[in-house]
Each structure stands twice: as structure tokens, then as C-alpha cells.
Amino acid sequence: MLALCAIAAAAQPGYQPSDEILKARSDFEAERFGIFIHWGVYSMIGQGEWVMQNQDLNYKEYAHLADGFYPSKFNAEEWVSAIKAAGAKYITITSRHHDGFSMFDSKASDYNIVKATPFGRDVIGELAQACRKEGINLHFYYSHLDWGRTDYPRGRTGLGTGRSEEGQDWRHYMDFVNAQLTELLTQYGRIGAIWFDGLWDQDAHPREDQPALWNLYEQYELIHRLQPGCLVGNNHHLLPFEGEDIQIFERDQPGQNEFGLSGQEISPLPLETCQTMNYSWGYRINDRSYKSSDFLIRYLVETAAKGANLLLNIGPRPDGTLPDEALERLEAMGKWLAVNGESIYGTTAGCLQGQDWGVSTQKDNALYLHMFQAPETLSLDFTDKLLAAEVLGGEKIAFKQKKGKISLTLPSPEEGCVDMVVKLTFKNPVR
């Protein structure tokens with residue numbers, strides 16, 4: 001039984017973001033595109049990261065997967081090189097998922113890739129080094145819940161893993177979580193964000209009880225103290241709590257709820273949508289249903305047009321390689337961003353939304369029209385003086401402006417064009 005009175009958070013509400021956090025939030029928003037990596041011993045089974053829960057695998061037997069985990073083809077520099085070429089600005093990787101296996105060298109638990117596997121290498125450390133070399137920011141996903149630790153009080157998932165009701169000790173488990181967070185924030189250099197997941201496992205408790213139940217304020221204070229510029233995000237599908245710096249939307253863009261996890265209101269914090277390339281987060285050997293490169297490019301554009309970042313997921317194979325389909329899509333996105341990146345990076349939601357032809361983003365005195373279906377002519381209502389119009393990577397566009405109306409004569413998009421971006425440069429900042 002959970003004794004809520006014994007686990008009150010050490011820090012109280014009243015969070016005031018520091019100058020370092022405010023700058024980090026602004027920098028994060030400007031990046032607009034990151035890559036999510038779901039990787040762990042579950043990849044060996046090839047049925048996704050929830051296989052332990054979905055197939056009621058015994059936690060003691062499941063732990064033996066580590067005995068054979070040897071990703072012989074893992075090369076952090078190759079990963080980061082491909083991700084950088086795709087135009088992504090940061091990587092969020094699973095340091096520990098719900099199965100409890102740590103993908104980093106941890107003194108708090110021997111159940112990690114260095115101590116429990118014949119591979120014996122700290123992949124998080126190697127990735128951190130490669131990211132620093134290439135100027136890519138590194139974020140850590142960290143699961144709040146654990147299906148294998150006996151001190152974690154059972155919630156609504158992981159009930160078939162064979163753990164008994166005895167030995168549950170919330171304070172002991174929270175101390176373990178804090179110890180691992182300390183390791184992640186002191187062993188690998190500058191970390192851009194901690195990305196929590198799993199709070200929903202204890203959803204029998206009301207929303208207002210969750211910060212105290214999970215010691216969120218204590219953890220957030222710890223993170224901000226160890227790294228004053230490290231952002232905190234929590235994929236709890238609720239409005240953010242105090243101390244959080246990012247609002248996360250799972251499989252939906254802000255304002256949408258097709259997947260059923262994003263019905264919460266939109267906060268003024270930086271926004272991030274996480275989405276899969278196929279239908280799986282962790283490697284699933286029979287999931288070949290990859291979204292097309294065109295779809296993913298437009299999804300990135302639509303997400304940026306809502307003022308949010310896209311965190312696009314890849315599930316590496318158990319040998320440490322990225323699937324060929326993922327690499328192909330990264331390459332296509334990189335080629336598009338090499339020409340059109342200025343319409344994504346550092347932009348905000350555009351003033352023109354829900355148009356028949358597409359969406360818009362904007363930055364300073366530039367308005368970017370993302371033409372998914374470009375008409376021959378376009379009329380816009382703007383009183384501010386238009387100085388120039390052009391297709392990014394292409395030609396100048398003829399226009400007329402009279403009495404608050406702008407008329408554009410648009411060129412025909414090139415064959416196979418997924419998004420013709422028209423840049424309008426005004427005399428003053430776009431409002």
C-alpha cells in the first residue's frame with residue numbers, strides 16, 4: 001500500500017525558471033526537429049518495447065536477455081552522422097525504459113549494458129561523445145515506472161511479470177531514481193533535457209496527487225540544480241506541472257487527439273510532438289509499414305506550423321544498426337531541409353493557418369507559405385509593404401500589392417514536389 005503522507009515532495013510549488021532555462025527553452029524551440037531512439041534488450045525479441053507487458057514475461061527470465069545482448073554493429077558516430085545529415089538538431093534516447101534495463105553505466109543498478117551484458121560498452125557514453133563532436137544536443141528518456149524492480153509499487157501495467165506484492169518500497173525506489181538521474185547528469189556532459197514517461201501507471205491517484213506521489217518537485221529541483229540549463233519534459237498526457245519546461249504530445253500534433261492521448265489543453269511552454277516512422281517505438285521485426293518520406297516531411301512542416309518540435313522515432317535493430325527504411329527517410333528529410341530549412345528552424349506558427357493550399361511558418365519579417373497544393377495565383381490580405389517574394393531554392397515570384405491586397409503569380413511546382421515553400425519578405429516583422 002502506498003503511504004502518500006510519507007512521500008511528500010521535498011520542494012514546493014513556485015517554480016521560477018532561471019535565465020539558463022529560459023535560454024534553453026528558446027534554443028529548444030528553434031531546433032524544431034529531433035530524433036527519438038527506443039533501444040534496449042527488448043529489441044532482441046523484435047516485438048516492441050512493451051513486449052514484457054504484452055506477453056506477461058517473467059521478470060527474472062526476461063533479465064537473462066541481457067546475457068546475450070551484443071550489438072556488435074553499433075557505431076555512435078554513424079548514427080549521429082546520419083541524424084545530423086537529416087537536419088535533426090537533437091537526439092532523445094531511452095536511457096532506461098519500463099523493463100528497467102539501463103543503457104548506461106550505472107552504480108545504482110548492475111542491470112545495465114556495461115555490467116550485465118557481454119558487450120560491456122557504455123553506448124550512452126559513446127553517443128554523448130559523438131553528439132558533442134557533431135554539435136547535436138543529447139536528451140535522455142527516463143522511465144518513471146519499472147516492471148522488474150520489486151521495490152516499485154505495482155501500478156496498472158506489468159502485472160503479469162511475476163513480481164510479488166511484498167517488498168514494495170516507494171521511498172527506496174524514488175531514491176534509486178534520483179541516484180540514476182544524478183548519474184545521467186554528471187557522467188555525460190551537458191544534457192539538453194530529461195524526458196520522463198510512465199507517470200500514468202499510477203493513474204488511480206488523482207492528478208493533484210501525482211507530484212507528491214512521484215516526488216516530481218524534488219526530482220525537477222535535482223535536475224535543474226545539477227544542470228541549470230537542462231529542460232524537463234514529462235509524457236504524462238496532462239497539463240504540465242510546475243518545474244516542467246516542455247509540453248509533450250504523443251502521436252498527435254498540438255490541438256489534435258486522433259490517437260487518444262493528447263486531449264489536454266495547450267500550455268505556453270515549448271511544445272513537442274513525438275511520432276513513429278512506422279507504427280512501433282522499439283524494434284518490431286514484422287512492422288514494415290513505414291510512413292513515406294513525403295508524409296514525414298509534411299508532418300514536420302505541419303508540426304512546425306503549430307509552433308511545435310517534431311521528435312521522430314527510430315527503433316534500432318538488436319545488432320545496433322538503424323533500419324534501412326529509417327535511413328532512407330532520414331536522407332530524404334535531410335535533402336528537403338538543406339533547401340528549405342530556414343522555413344522550419346527558428347520559426348513560430350504562421351499567421352495563415354488552415355488554408356486550402358497548406359500551412360505557414362514565420363520568422364522576423366519573413367512569412368513562409370508551405371504549398372502542399374499550389375494554385376496558379378494567390379491573393380492575400382496584408383497592409384504591410386511586401387519587399388520580395390521567392391520560392392526557396394528557386395525563382396523570384398512576381399507580385400502586386402494594392403490597397404491591402406497582395407496578388408502572387410506562382411510557378412508550377414517541380415514534379416514530385418512535396419512542399420513548395422514561398423518566402424514573403426515584408427518591411428516589418430510579420431504579425
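**Entry 1: helix 9**

I began with helix 9, where Ser293, Leu296, Ile297, Tyr299, Leu300, Val301, Thr303, Ala304 and Ala305 are buried. I note here that the model is a predicted one. Next I checked the length of helix 9, which runs over residues 293-305. Its 13 residues, at 1.5 Å a residue, should span 18 Å, and the end C-alpha atoms are 18 Å apart, so the two values agree. Just after helix 9 I found Gly307, which has a positive phi of about 75 degrees.

**Entry 2: positive phi outside glycine**

I then looked for positive phi values in other residues, because most residues other than glycine have a negative phi. Arg251 is not a glycine, yet its phi is positive, at about 65 degrees. I located Arg251 in the loop that joins strand 6 (247-250) to strand 7 (271-276). Is Arg251 buried or exposed? Its relative accessibility is 13%, so Arg251 counts as buried; the cut-off for buried is under 20%.

Lys403 was my other case, with a positive phi near 50 degrees. Lys403 also sits in a loop, the one between strand 14 (398-402) and strand 15 (405-409). Its relative accessibility is 80%, so I put Lys403 down as exposed; for that label the value must be over 50%.

**Entry 3: the largest pocket**

I turned to the pockets. The largest pocket holds about 410 Å³ of space. Its lining has 25 residues, and those closest to the centre are Glu49, Trp50, Trp200, Glu250 and Trp281. I sorted the lining of the largest pocket by type and got 10 nonpolar, 9 polar and 6 charged residues.

**Entry 4: the second largest pocket**

For the second largest pocket I noted a volume of about 320 Å³. How many residues line the second largest pocket? There are 18, and nearest the centre lie Val391, Leu392, Glu414, Cys417 and Met420. By type, the lining of this pocket divides into 10 nonpolar, 5 polar and 3 charged residues.

I also asked which elements supply the lining of the second largest pocket. Helix 10 (324-340) and strand 16 (420-426) each give at least two residues. Helix 10 gives the most, with 3 residues.

**Entry 5: Arg329 in helix 10**

Since I was at helix 10, I looked up Arg329, which is found there. Arg329 has a relative accessible area of 13%, so it is buried. I then took its distance to Met277: the two are 52 residues apart in sequence, and their C-alpha atoms are 8.6 Å apart in space.

**Entry 6: aromatic rings**

I listed the ring pairs and found 25 aromatic pairs in the structure. One cluster is linked by such pairs and holds Trp39, Phe69, Phe74, Trp79, Phe101 and Tyr111.

I also looked for charges over rings. The charged end of Arg149 sits over the ring of Phe176, 3.7 Å from the ring centre. Lys291 lies over the face of Tyr279, and there the distance to the ring centre is 5.0 Å.

**Entry 7: distance in sequence and in space**

My last lookups set separation along the chain beside separation in space.

Gly14 is in the segment before helix 1 (19-31). Its relative accessibility is 47%, so it counts as partly exposed. How far is Gly14 from Glu242 in sequence and in space? They are 228 residues apart in sequence, while their C-alpha atoms are 7.1 Å apart.

Val80 is placed in helix 4 (residues 76-85). I recorded it as buried because its relative accessibility is 0%. From Val80 I went back to Leu296, one of the buried residues of helix 9. Val80 and Leu296 are 216 residues apart in sequence and 19 Å apart in space, C-alpha to C-alpha.

Cys274 belongs to strand 7. At 1% relative accessibility, Cys274 is counted as buried. I compared its place with that of Leu213: 61 residues separate them along the chain, and 26 Å separates their C-alpha atoms.

Methods:
Residues numbered from 1 in each chain as written. Predicted model: local features only at pLDDT ≥ 70, side-chain atom pairs only at ≥ 80, totals over all residues. Heavy atoms only, no water. 1 Å grid on protein atoms, 1.4 Å probe; cavity = no way out; pocket = protein on both sides within 12 Å on 5 of 7 lines; lining within 4 Å. Points joined across faces, edges and corners; volume = space filled by probe spheres on them. Nonpolar A, V, L, I, M, F, W, Y, C, P; charged D, E, K, R; others polar. Helix = DSSP H or I, 4+ residues; strand = E, 2+ residues; numbered from the N terminus. Phe/Tyr/Trp six-rings, centres within 6.5 Å; stacked < 30°, edge-to-face > 60°. Lys NZ or Arg CZ within 6 Å of the ring centre and 35° of its normal. Buried < 20%, exposed > 50% of the residue type's maximum accessible area, 1.4 Å probe, protein only. Expected span 1.5 Å × (residues − 1).
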